[in-house]
Amino acid sequence: MRKYLFSGAVIGAVLSGIGIVRATIAGPRDWRLLLTWVAWAASLAIAIGTVSEETKRSELGE
């Protein structure tokens, strides 16, 4: 779990999520906001997948 919490990619995705939450609270709600949330979810999934792949590679010794 620690490898995910201290990963730069995951930290960056979480911090961008904070900005999206602020935009959701303050801004208008339209189709662009939905696309922003979808893009954020995709970037978070990619960050988690990257950490997972790096862990698998290091365990296999590649």
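Helices (H or I, at least four residues) and strands (E, at least two) are DSSP runs, numbered from the N terminus. This is a predicted model, in which local features need pLDDT of at least 70, side-chain atom pairs count only at pLDDT 80 or more, and totals for chains, interfaces and linings use all residues. Residues are numbered from 1 along each chain as its sequence is written, and side-chain values use heavy atoms, with hydrogens and water left out.

**Exercise 1. Describe the fold and the overall dimensions of the chain.**

Solution. Start with the helices and strands: the chain has three helices and zero strands, in the order α-α-α along the sequence. Next, take the box: along the principal axes, the C-alpha atoms fill roughly 50 × 20 × 15 Å. Then turn to the radius of gyration, which is taken over C-alpha atoms; the globule rule is 2.2 Å times the number of residues to the power 0.38. A compact globule of 62 residues would come out near 11 Å, but the chain has 15 Å. Finally, look at burial, where buried means under 20% relative accessible area, exposed over 50% and partly exposed in between (1.4 Å probe, protein chains only). Of the 62 residues, 19% count as buried.

**Exercise 2. Check the span of α2 and of α3.**

Solution. The expected span of a helix is 1.5 Å times one less than its number of residues. For α2, with 19 residues, that gives 27 Å, and its end C-alpha atoms are 27 Å apart, so the two agree. Helix α3 (residues 31–60) has 30 residues and should span 44 Å; its end C-alpha atoms are 44 Å apart, so α3 agrees as well. Just after α3, G61 takes a positive phi of about 85°.

**Exercise 3. Find the two faces of α2.**

Solution. First, list the buried residues of α2: V10, A13, G17, I20 and T24. They cover an arc of only 70° around the axis, so they lie on the same side of α2. That arc is the one of the directions from the helix axis to the C-beta atoms. A general rule helps here: an α-helix has 3.6 residues a turn, so residues three or four places apart point the same way. Now turn to the face away from the buried side, which carries the exposed residues G8, L15, R22, I25 and A26. For comparison, the buried residues of α3 are L33, W40, L44, A47, V51 and T55.

**Exercise 4. Place I18 and describe the patch it belongs to.**

Solution. I18 lies in helix α2 (residues 8–26). Its relative accessibility is 40%, so I18 counts as partly exposed. Together with I11, V14 and L15, I18 forms a nonpolar patch on the surface with about 340 Å² of accessible area. Patches are made of residues with over 30% relative accessible area and no salt bridge: like charges are joined within 9 Å, nonpolar side chains (Val, Leu, Ile, Met, Phe, Trp, Tyr) within 5 Å. Accessible areas come from the Shrake-Rupley method with a 1.4 Å probe; for residues, only the protein chains shown count as cover.

**Exercise 5. Count the salt bridges and name the partners.**

Solution. Apply the rule: a side-chain nitrogen of Lys or Arg within 4 Å of a carboxyl oxygen of Asp or Glu. The count comes to one salt bridge. Its partners are D30 and R32, at 2.7 Å from N to O. D30 has 27% relative accessibility, so D30 counts as partly exposed.
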